[in-house]
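Here is a short briefing to read with the structure open beside you. Take the topics in any order you like.

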Amino acid sequence: MDHQPKFFENLSGTGKAIGVLTSGGDAQGMNAAVRAVVRMGIYVKAKVYFVYEGYQGMVDGGDNIVEVSWESVSSILQVGGTVIGSARCKSFRTHEGRLQAAYNLVQRGITNLCVIGGDGSLTGANLFREEWSGLLEELAENGKIDAEAVKKYAYLNIVGMVGSIDNDFCGTDMTIGTDSALHRIIEVVDAIMTTAQSHQRTFVLEVMGRHCGYLALVSALACGADWVFIPEYPPEEGWEDTMCVKLSENRARKKRLNIIIVAEGAIDCHNKPITSEKVKDLVVQRLGFDTRVTILGHVQRGGTPSAFDRILASRMGVEAVLALLEGTPATPACVVSLSGNQAVRLPLMECVQMTQEVQKAMDEGRFLEAVRLRGKSFENNLNTYKLLSHKKPDAELPKTNFNVAVLNVGAPAAGMNAAVRAAVRVGITEGHKMFAVIDGFEGFARGKIKEISWGDVGGWTGQGGSILGTKRTLPAKYLEKIAEQMRTNNINALMVIGGFEAYLGLLELSAAREKYDEFCVPMVMVPATVSNNVPGSDFSIGADTALNTITDTCDRIKQSASGTKRRVFIIETMGGYCGYLANMGALAAGADAAYIFEEQFDIRELQANVEHLTEKMKTSIQRGLVLRNENCNENYTTDFIYQLYSEEGKGVFDCRKNVLGHMQQGGAPSPFDRNFGTKISAKAMQWISKKLKETYRKGKVFANTDDSVCLLGMRRRNLVFQPVAELKTETDFVHRIPKEQWWLKLRPLMKILAKYKTSYDVSDSGQLEHVAMLPKEAVPAPI
């Protein structure tokens, strides 16, 4: 659907006042949301007020409701928790409390509220909105306000953002804080694994989630845990025996450690709690294993927000202000939320209702229903976990007699190993024989290929780099030898995990099909590169880990200047010609500018940026951050920009430069990359199985159509298989980037949050959608 870009310049906030508050339990990323609301509000010329200590501050009034400026939210992006405080408030639950709160807001002319909290906080906000006109009339009757005020402030607009580490709110894929909580859990699990390995121990880890098993489930998926207990999916009767058999089988396979993850709200099928202590006692009594319990507790709520949460909260904060500006008396209270890669608005009460439905289903023992109501993403995670954690006995596995090879191509990216593990295990479950190719296409040509078993890929999810080894070499000069290896090993399908070279490699192999029948087999590519420059996919495995590395480093670099005089840092990121890391890194680290190849710039723009920074530095702001993609311009190098800023900033600020280099490719994969790599790879393997069945004729596999060579990518809200031949038109082969990139739409966001005047296309936002309820008989997608 072609639409004319719609810009928000015609949405003026003049004369409007917005109050922002955080309520309920805190979550990392709340500050990023507060910052975005304040800056976007001021940008559209509205007045913005902090409401300190949640609803309590709204009831108490006075110094708890304060007008804020641009600088008020400087340097809070990287801080965990919420700087405006949050409190559980009993008085707001009473009519008198809400009456007092309404009075305090009207005194300051606030009729727009942005509430960041969980479902309880948002339900409270909706009730307040429904009562608003009645409350004002009551205040007028009591002589507290005049009739003019009743008319002027006739209706209250509410927009919610969900801040909750549990990810327990229906209608949104990810709530603010969930990704950061997963980071905390995975850091702990990675650390525990090394000590458990040394002593051959079993660890029972208890994670948060009284009513929702999301954290437990995704962390189990991300670390390859042996067993997981969650409230939505209680184990079957007799689980104690099944679990103990599973643990002892793993020990017999030379696995030196066992990890069991328990959500704090875990229950059995009779709704009786399953505690971490109970699980530990069971393992000790039945198996005699040395077992320890670790309860993570509030560690999960703490620490700095991840790059994902900062970007998510910033996008939602801006969207929330747009929703408030467009609000009318007829608009229902809405929540801004994320679906796939898209910001959406949903009616608040529909989401709350559905969230309560899940709890009701669990209380009544309708667990399958509860999983379904949690949404597609939760269901996919659960199905993938079940697929990968338990190996069926060989006798129960189907036998297809197909051989499938997996290889890594291009530069290493964190999460590649998780993808290989998922491919191997799903392949074995589907009945194929799995082969691993060492060192990419070059290794393939040299015959470095071996069968790989279920146990061989144990413990791979948390490993960085590429265990199979990877090379950038393309297959064109080795076609003869690769064809020979495929013939010798009777390879019936190929799965390639890699970056732009993997994409080029598949194009070369499919072009060689006319000459070599061996390449007439199903081939699929899973994008894995820190640069995120593969056409056909919004995300690639490894980019999130690199983004977190950049964000962490920027935080440290900014901190290094605290207490010194004013300083600007010029930081160079990787990415080839693709500006994804520089642009998103700038958004997550709160940078003042990001220079990228996709948006050409000249000396006038550089000059304007320097002047803009100089003006900012004359206020209370002490540090500036400028990111530059390594190939954004061959003449305006990092040195050139550093020297320009140094010269022009003389007397106001001094400069330092950093080239981040290969640290962006290393490190343990982030929870997002582990999870994304696992799910996308499992789905790719299922596609291979389907294609093998379709193309098996007269005793051999023969696939020579375009749709038998595909790339599996994330497109907006869905995972989609696209023939590589069709992606050619979308590719700029000279610069190795897609011709159109979704994240360029977020560039104005970064500029607005850095105080630039700019145009922001809001065509994608503004439509209120409804919460999708699956029909009862709908069959859930496998991934």
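What follows is a tour of selected residues, grouped by topic.

The model is a predicted one. Its salt bridges come to a count of 35, and several of them are described below along with some buried positions, a charged patch and two unusual backbone angles.

**Salt bridges between distant parts of the chain**

- Side chains of opposite charge can pair when their charged atoms come close.
- E131 and R98 form a salt bridge, with 2.7 Å between the closest N and O atoms. This pair links distant parts of the chain, since E131 sits in helix 4 (residues 119–141) and R98 in helix 3, 33 residues apart.
- R98 has a relative accessibility of 8%, so this residue counts as buried.
- R674 pairs with D190 in another salt bridge, where the closest N and O atoms are 2.7 Å apart. R674 belongs to helix 22 (residues 671–695) and D190 to helix 6 (residues 178–199), so the bridge ties together parts that are 484 residues apart in sequence.
- The two partners differ in exposure: R674 counts as buried because its relative accessibility is 1%, while D190, at 25%, counts as partly exposed.
- E599 and R747 also meet through their side chains in a salt bridge, at 3.1 Å from N to O. Here too distant parts of the chain are linked: E599 is in the loop between strand 18 (593–595) and helix 20 (603–617), R747 is in helix 24 (residues 747–753), and the two are 148 residues apart.
- E599 is partly exposed at 28% relative accessibility, whereas R747 is buried, with a relative accessible area of 3%.

**Charges in groups**

- K690, K691, E694 and D707 are joined in a network of salt bridges.
- Which residues gather in a patch of positive charge on the surface? They are R88, K90, R93 and R210.
- K90, a member of that patch, is placed in the loop between strand 3 (65–67) and helix 3 (95–107). With a relative accessible area of 74%, K90 is exposed, because exposed means over 50%.

**Two fully covered residues**

- Is V204 buried or exposed? V204 is buried, because its relative accessible area is 0% and buried means under 20%.
- V204 lies in strand 6 (residues 202–207). Leaving out residues up to four places away in sequence, V204 touches I260, V262, S276, V279, K280, T291, R292, V293 and T294.
- V204 and V283 are 79 residues apart in sequence, and their C-alpha atoms are 9.8 Å apart in space.
- N381, found in helix 13 (residues 376–389), also counts as buried, with a relative accessibility of 0%.
- Beyond residues up to four places away in sequence, the contacts of N381 are Y214, L217, V218, L221, N675 and K679.

**A loop arginine and its surroundings**

- Where is R566? R566 has its place in the loop between helix 18 (543–560) and strand 17 (567–573).
- R566 is partly exposed, with a relative accessible area of 27%.
- Not counting residues up to four places away in sequence, R566 touches M617, T619, I621, Q622, V652, F653 and D654.
- From C-alpha to C-alpha, R566 and K618 are 9.3 Å apart in space, with their positions 52 residues apart in sequence.

**Positive phi angles outside glycine**

- Most residues other than glycine have a negative phi.
- S75 has a phi near 65 degrees, a positive value in a residue other than glycine.
- S75 is placed in the loop between strand 3 and helix 3, and is partly exposed with a relative accessible area of 36%.
- D439 is not a glycine either, yet has a positive phi of about 60 degrees.
- The place of D439 is the loop between strand 13 (433–437) and helix 15 (440–445). Although in a loop, D439 is buried, with a relative accessible area of 15%.

How values were computed: Residues are numbered from 1 along each chain as its sequence is written. This is a predicted model: local features need pLDDT of at least 70, side-chain atom pairs count only at pLDDT 80 or more; totals for chains, interfaces and linings use all residues. Side-chain values use heavy atoms; hydrogens and water are left out. Helices (H or I, at least four residues) and strands (E, at least two) are DSSP runs, numbered from the N terminus. Buried means under 20% relative accessible area, exposed over 50%, partly exposed in between (1.4 Å probe, protein chains only). Contact means heavy atoms within 4.5 Å. Patches are made of residues with over 30% relative accessible area and no salt bridge: like charges are joined within 9 Å, nonpolar side chains (Val, Leu, Ile, Met, Phe, Trp, Tyr) within 5 Å. Accessible areas come from the Shrake-Rupley method with a 1.4 Å probe; for residues, only the protein chains shown count as cover. A salt bridge is a side-chain nitrogen of Lys or Arg within 4 Å of a carboxyl oxygen of Asp or Glu. Lys and Arg count as positive and Asp and Glu as negative; His and the chain ends are not counted. The place of a charge is taken as NZ of Lys, CZ of Arg, CG of Asp or CD of Glu.
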